[in-house]
Structure formats: C-alpha cells, structure tokens
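Student: I am new to this structure and would like to go through its interior step by step. Could we look at the chain together before I ask anything?

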Amino acid sequence: MLTDTLIIGGGLSGLALAAKLAAQGRDFLLVEARDRLGGRILTVREGAAHFDLGPTWFWPGQPRIAALTERLGLSRFDQFCQGDVIFENEQGRVHRGRGYASMQGAWRLEGGLGALIAALENEVPAQRRRVSTTIRMLTRAAPGIIATSEDGVSIQARRVVLALPPRMAVRMFFTPTLPIAALTELEGIATWMAGHAKAVAVYDRPFWLEAGLSGDAMSRHGPVVEIHDASPASGGPYALFGFIGVPPRARSDQQALRRQIQAQLIRLFGPEAATPSILCLKDWAYDRLTATELDAQAPHVNSQYGLPRVLNGLWDGDLILAGTEVAPKFGGYLEGALEASELALANLGHIER
C-alpha cells in the first residue's frame with residue numbers, strides 16, 4: 001500500500017488534518033488503533049442526550065475550535081452555572097453557599113464533542129481512513145517511510161504524521177532508532193488527560209436545579225473532587241459529572257469506586273441522587289491507547305507542552321509530530337489539537353517535492 005502522507009492517530013488533531021488534506025485533494029491515509037475515531041474525545045448517548053467522558057469544554061479566546069464548529073454548523077451553549085455551589089471539607093461536612101462556578105464562561109457542544117468528530121469524519125472519504133489498525137514499526141526507507149501494522153500490513157508513505165500522545169509514539173519501533181535525546185523528550189511529555197477519570201450520573205429529573213443548586217461542587221473528601229452539571233442545553237435526561245481525584249492505583253476496583261461515588265452524591269445533593277438511571281465511568285489511566293505507566297505515576301503534574309527543538313525535523317522532516325501535547329500555545333486543550341494539526345499541515349507543505 002502506497003500513500004503520500006500517513007497520519008497515525010484518529011483523534012481531533014489527526015482527523016482535522018485529514019479533513020484539510022481531503023479538502024485540498026491530497027493523497028493521504030488516516031489510521032487509528034481504536035475501533036472508532038475521536039481518540040480522547042468520547043461521547044455516550046443516553047436517551048436523547050449526549051454526555052462527554054473525555055474533554056467537555058472550550059472557551060472564548062480559542063479561535064480555531066470556534067471557527068471549526070461554526071463552519072461545521074454545530075451549536076454551542078454556555079456551561080450552566082446559576083445557583084448555589086456545594087463545598088465538602090476534609091471531614092465530609094457539606095456546606096452550601098452562593099459562590100463562583102469554576103467553569104462559568106465555558107462552552108459545550110450540543111450533541112457533545114462526539115458531534116464534532118462525526119462531522120469531521122464525514123469530510124474524510126471512507127477509503128482514506130482505517131480504524132482497528134495499530135502501527136508497531138516505522139522504517140526509514142528513503143525516499144519515504146514504511147509503516148508496519150500489528151497484523152503485518154505494510155504501508156509505504158513519503159512522510160508520516162504522529163498525531164498521538166508522544167509517549168504512545170515511544171512504544172513504536174523505529175529503524176533506524178531515533179536519537180536518544182529525542183526518545184527522552186518524547187517520554188518526558190506527560191499525556192494530556194491520561195491520569196484522569198471521569199464519572200457521569202444520569203437522572204430523569206434535574207432535582208439539584210429544582211433545589212436552587214448549580215450542580216457545581218468541590219470536595220476535599222472525595223472520591224470526586226470537582227462536579228458540574230452535564231445536562232443538555234434543553235430537555236433531558238439530566239446529569240452531573242465529576243473528576244475523580246483518587247490516584248489511579250487506588251481506583252482500580254470499579255465496583256468499590258461506584259459505591260463511593262454514589263455515597264458522595266447523596267452527601268452532596270441529597271437522597272434523590274441515590275439512584276441514577278446510569279452511572280458511567282471512564283478511567284483514562286487504564287486506557288492502553290492513552291496512558292502509560294509514567295502517566296499513572298503523576299496524574300496531577302502541570303505539564304509544559306510544546307515541541308522541543310530536538311523533536312523538530314526528525315528523519316529529515318519526514319516524521320512530523322502532531323497532537324495537543326506539542327502545540328506551542330494551547331497545549332492540553334482541544335484548541336491545542338487543532339493548533340498542532342495546523343502546524344503539521346504547514347510542515348507537510350514545506351517538504352513537498
């Protein structure tokens with residue numbers, strides 16, 4: 001199989017790049033190890049509503065995602081923030097007060113961020129995208145690169161874009177091997193969101209709103225440390241979602257964690273929180289296509305993102321890094337994934353022969 005550009009990774013960055021190449025009529029192939037596109041964007045549907053188990057928000061001042069959602073005809077709405085905020089102290093005592101909702105001013109998408117992925121996927125011809133395709137080896141074979149998949153399929157490309165977390169790239173075999181300094185830098189870039197876990201509790205009624213609560217809660221008792229309203233812009237079902245603050249190794253027992261989350265929801269929001277119609281958990285630390293052992297060790301470290309100089313121009317510029325972690329300004333955001341995609345497209349243009 002022969003292609004001009006091979007994009008490895010079908011998350012937002014890789015998919016956005018593929019859509020741009022398709023619009024320009026260029027030759028490319030997008031491959032993704034998962035059985036779906038979207039990467040760390042994961043949206044589930046319950047009834048008529050959609051709930052994000054990965055990233056949820058974007059903000060004013062992020063021009064790329066604002067322009068993209070507008071171009072695709074997607075509707076955004078403000079994160080709900082009206083009402084009282086709940087605080088739970090170290091002893092589990094709950095305090096109610098009117099305060100600042102931490103995500104006030106953030107935007108969400110109608111249909112969840114999965115609507116963004118679906119719209120971009122529609123812009124990439126089916127014959128130019130493949131899922132359930134894991135690339136294990138990249139071999140420099142001038143002019144170009146040969147990518148070998150887990151099931152032994154070879155793809156020859158003039159250049160390769162690694163649109164995936166840098167630590168995922170280290171798992172591949174490179175021939176010839178990349179410089180030690182480059183491998184060290186790749187491994188040192190923490191994966192955005194990899195240490196996090198998220199819970200979404202879905203209800204038939206927004207009883208917290210009826211009680212004058214915003215759905216926002218902060219806790220120092222846990223296991224959930226931060227909670228927000230996850231309901232759709234209008235109608236139901238309704239939901240609360242939270243970020244789990246327990247370290248990855250202490251939350252491996254999913255059943256015990258579910259019991260602890262439900263007990264906490266009752267403490268914070270009362271007995272009506274006891275019986276969600278569904279309680280969804282997604283632990284990205286245990287997602288083998290997102291996190292490594294290094295990510296599990298330090299999930300709360302504030303990472304410095306961007307592209308180190310040693311990772312620029314790999315294999316004479318034919319091996320290009322993309323993904324939010326290498327974005328120079330918006331690393332660690334959805335905007336960063338689009339920024340990295342934009343830079344990768346520019347690099348592809350620079351090495352046209």
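Tutor: Contact here means heavy atoms within 4.5 Å. The model is predicted, so to speak of local features a pLDDT of at least 70 is needed, side-chain atom pairs count only at pLDDT 80 or more, and totals for chains, interfaces and linings use all residues. Residues are numbered from 1 along each chain as its sequence is written, and side-chain values use heavy atoms, with hydrogens and water left out.

Student: Which residues touch the most other members of the largest nonpolar core?

Tutor: A nonpolar core is a set of buried Ala, Val, Leu, Ile, Met, Phe, Trp, Tyr and Cys residues joined through side-chain atoms within 4.5 Å, where buried means under 20% relative accessible area (1.4 Å probe, protein chains only). Leaving aside residues up to four places away in sequence, L162 touches residues including I8, M172, F174 and L319. Among the 79 residues of the largest core, the ones that touch the most other members are L138 and L162.

Student: How many cavities of 30 Å³ or more are there?

Tutor: On a 1 Å grid over the protein atoms alone, a cavity is a set of points where a 1.4 Å probe fits but cannot get out, and lining residues have an atom within 4 Å of a point. Grid points are joined across faces, edges and corners, and a volume is the space filled by probe spheres set on the points. The largest cavity holds about 60 Å³ and the second largest about 40 Å³. The count of cavities of 30 Å³ or more is two.

Student: Which strand gives the largest share of the lining of the second largest cavity?

Tutor: That lining includes H50, F51, D52 and R108. Strands are DSSP runs (E, at least two residues), numbered from the N terminus. The largest share, three residues, comes from β4 (residues 49–52).

Methods. 1 Å grid on protein atoms, 1.4 Å probe; cavity = no way out; pocket = protein on both sides within 12 Å on 5 of 7 lines; lining within 4 Å. Helix = DSSP H or I, 4+ residues; strand = E, 2+ residues; numbered from the N terminus. Buried < 20%, exposed > 50% of the residue type's maximum accessible area, 1.4 Å probe, protein only.
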